[in-house]
Every structure is written in structure tokens, then in C-alpha cells.
Amino acid sequence: MSAASEMAVLAVDAAPNPWFSSSWVVDNWGTIMPLLVQHVRLTVVSVLIGALIAFPLALLARRSRFLTGPVLGVSTLVYTIPSLAMFAFLSPFTGLSETTVAVGLVLYSLVILVRNFLAGLQAVPADAVEAARGMGYGPGRLLAKVEIPLALPSIMAGLRIATVSTVALVTVGVVVGQGGLGQIIIVNGFSANYYRPPIVFGTLACVVLALVADQLLALLERVLTPWTRTPTAGRTRSATRTAESVEVAA
């Protein structure tokens, strides 16, 4: 090997590859922001659509015990499909677009959302339901005014878990070029001779995004369920509150 070749090899080996580089973040901020926005958009849209699909399925599963097993089983079966296979199945119909990633994320969220929504609805105290019916509440009003409020802790827990899980799964969309922060980790990191700054930044950004989303949902839960804030509240207090609201409304 010539002296020039040896110097070239040494130059490559000695190239700086820190675990974090603020200058890299500043220099690439124009690329990072659109990918961050895409990551947030895919997460929000997927969880919202998943919730809109999961809630009717949970109602259906609660209505008939014969449907509980099939509904939960199908959602679990979908979750076992590898993401690469899922995108391969969807891409002929939706192309290499955000829609492909969103559809996959919606399907994956159902296994969490359906189970938590169903658990919340099944845990509604029977005495609160009977009290509302005695006050003349029909099925729709009963669901909106009594059952959903009492099931909110479980519903919100499902939304929090599904959101955190979806934040992580969005990165898999990089296989179709729509992976949000996953683009930074793979394209700018692994594909660029394992350059560490984008890998570490993309990973930390996903973690921070998941934590922020989880805390925002936790805050929303506190606002929507003020009666659960004290340790002694419990199910009895929730039922009492519901019964009192029924009497006032009547």
C-alpha cells in the first residue's frame, strides 16, 4: 500500500463521529423539522382513527359475549403481522405514501385500544347504570352521560399506551420513505457509514416526543376525570357523582 493510500485510510478512520453534535442539529434543522412534523401527524392521525374504529368494536364486543373473543382475536392477529409484510400488502393500493404507514399504524393500535375500551366499559358499576335507567335514560344518553365518563380512566390509559407505541412504530415507515424521525436514524445515520449524531438525535427525539404526548394525555385525563384525583375517591365516588348528575339532569 502506498503512503498516500495509508494517509487516506487514516483520514477516514480518524474522521470525527461523536455521539451527539449540536452543530449537526443546527445545520440540518431545515430537514429535521418537516420530518418531526410528519412524525407527529402520523401519530395523531393514526391514534385518532384507531380510537374511532376501536370504540364501536368495543361496544360490539360488550354487547355479546360470543363476539368478544372474535373481536379481540382479530385485533391481536393483525398485530402479529410484521410491519414489512403489512406495508408490502398495502403499497399496491396506497403507494409509497403516508397513507400506507397510517393504515398500518391504525391496524396495530386496535389491539391496545379495543382491549382497554372494552375493559373500561365492562367495569362501569351496575348500580350507576341502573340508577340512570331508573331516571329514564335511554341507551344513547346512558352511554354518553354515564358509561363513557366512568370508563374514561381505562379509555385514556389505552390512548396513552397506543400513542407511545405508535410514536415508536412510525419510524418503521422509513421502508416506504415515510418514517418521520426514522428517516434521520436510517438515512442520515446507518446509511451514512453509521454516523452517530443523527442516530442519537432521532432516538432521543422519539423518546421525548413519546413522553410529551403521554404527559399531555395524562393532563387531559385529569381534566376530564376530576373525581378520581383523591386516593379515597374510587369507584363508589364515581358512581355517586354519576347518580347525582343524573338526578340534577332529570
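Start by selecting Thr100 in this predicted model. Thr100 sits in helix α6, which covers residues 98-122. Is Thr100 buried or exposed? Its relative accessibility is 0%, so Thr100 counts as buried. Now show what surrounds it. Beyond its neighbours within four places in sequence, Thr100 is in contact with Phe87, Leu90, Ser91, Thr94 and Gly95. Pick out Thr94 from that group: its side chain makes a polar contact with the side chain of Thr100, at 2.4 Å.

**Next stop: Glu98 and Arg41**

Stay in helix α6 and select Glu98 together with Arg41. Their side chains meet in a salt bridge, with N to O at 2.6 Å. Glu98 belongs to helix α6 and Arg41 to helix α3, so this pair ties together parts that are 57 residues apart in sequence. Colour the two by accessibility if your viewer allows it. Glu98 has a relative accessibility of 24% and therefore counts as partly exposed. Arg41 is also partly exposed, because its value is 37%.

How many salt bridges are there by this rule? The count comes to 5, and the tour visits some of them. As a general point, side chains of opposite charge can pair when their charged atoms come close.

**Along helix α3 to Arg62**

Now select Arg62 and Glu147. These two form a salt bridge whose closest N and O atoms are 2.8 Å apart. The pair links distant parts of the chain, with Arg62 in helix α3 and Glu147 in helix α8 (residues 139-169), 85 residues apart. Compare the surroundings of the two partners: Arg62 is partly exposed, with a relative accessible area of 30%, whereas Glu147, at 8% relative accessibility, counts as buried.

**Into helix α8: Arg160 and its partners**

Remain in helix α8 and select Arg160, then add Asp214. Their side chains meet in a salt bridge, 2.9 Å from N to O. Arg160 lies in helix α8 and Asp214 in helix α10 (residues 196-224), so the pair ties together parts 54 residues apart in sequence. Arg160 is partly exposed, with a relative accessible area of 23%, while Asp214 is buried, with 15%. Add Glu221 to the selection as well: salt bridges that share partners join Arg160, Asp214 and Glu221 into one network.

**Where α3 meets α4**

Go back to helix α3 (residues 29-63) and show it with helix α4 (residues 65-79). The two pack at an angle of about 140 degrees, and their axes are 5 Å apart. That angle makes α3 oblique to α4. To see the contact itself, select Leu57, Leu60, Ala61 and Arg63 in α3, which meet Arg65, Leu67, Thr68 and Val71 in α4. Sorted by class, this contact has 5 nonpolar, 1 polar and 2 charged residues.

**Helix α9 and what it packs against**

Select residues 181-190, helix α9. Which of its residues are buried? They are Leu181, Gly182, Gln183, Ile184, Ile185 and Gly189. Display the neighbouring helices too: the buried residues of α9 pack against α2 (22-27), α3 and α10.

**A stop in helix α10: Thr203**

Thr203 lies in helix α10. Thr203 is partly exposed, with a relative accessible area of 39%. Look at where its side chain points: it reaches the backbone oxygen of Ile199 at 2.8 Å. Then draw a distance from Thr203 to Thr171, C-alpha to C-alpha. These residues are 32 apart in sequence and 9.7 Å apart in space.

**Last stop: Asn17**

Finally, select Asn17, found in the loop between α1 (3-13) and α2. Asn17 has a relative accessible area of 26% and is partly exposed. What does Asn17 contact, leaving aside its neighbours within four places in sequence? The residues are Tyr194, Tyr195, Arg196 and Pro197. Choose Pro197 and check its C-alpha: the C-alpha atoms of Asn17 and Pro197 are separated by 7.5 Å, although the residues are 180 apart along the chain. Now zoom in on the side chain of Asn17. One of its polar atoms lies 3.2 Å from the backbone oxygen of Tyr194. The backbone nitrogen of Arg196 lies 2.8 Å from a polar atom of the Asn17 side chain.

Terms used: Residues numbered from 1 in each chain as written. Predicted model: local features only at pLDDT ≥ 70, side-chain atom pairs only at ≥ 80, totals over all residues. Heavy atoms only, no water. Axes fitted to C-alpha atoms, helices over the stretch in contact; angles between N-to-C directions. Helix = DSSP H or I, 4+ residues; strand = E, 2+ residues; numbered from the N terminus. Parallel < 35°, antiparallel > 145°, perpendicular 65-115°, else oblique. Contact = heavy atoms within 4.5 Å. Nonpolar A, V, L, I, M, F, W, Y, C, P; charged D, E, K, R; others polar. Buried < 20%, exposed > 50% of the residue type's maximum accessible area, 1.4 Å probe, protein only. Polar contact = N/O pair within 3.5 Å; in protein donor to acceptor, adjacent residues only side chain to side chain. Salt bridge = Lys/Arg side-chain N within 4 Å of Asp/Glu carboxyl O.
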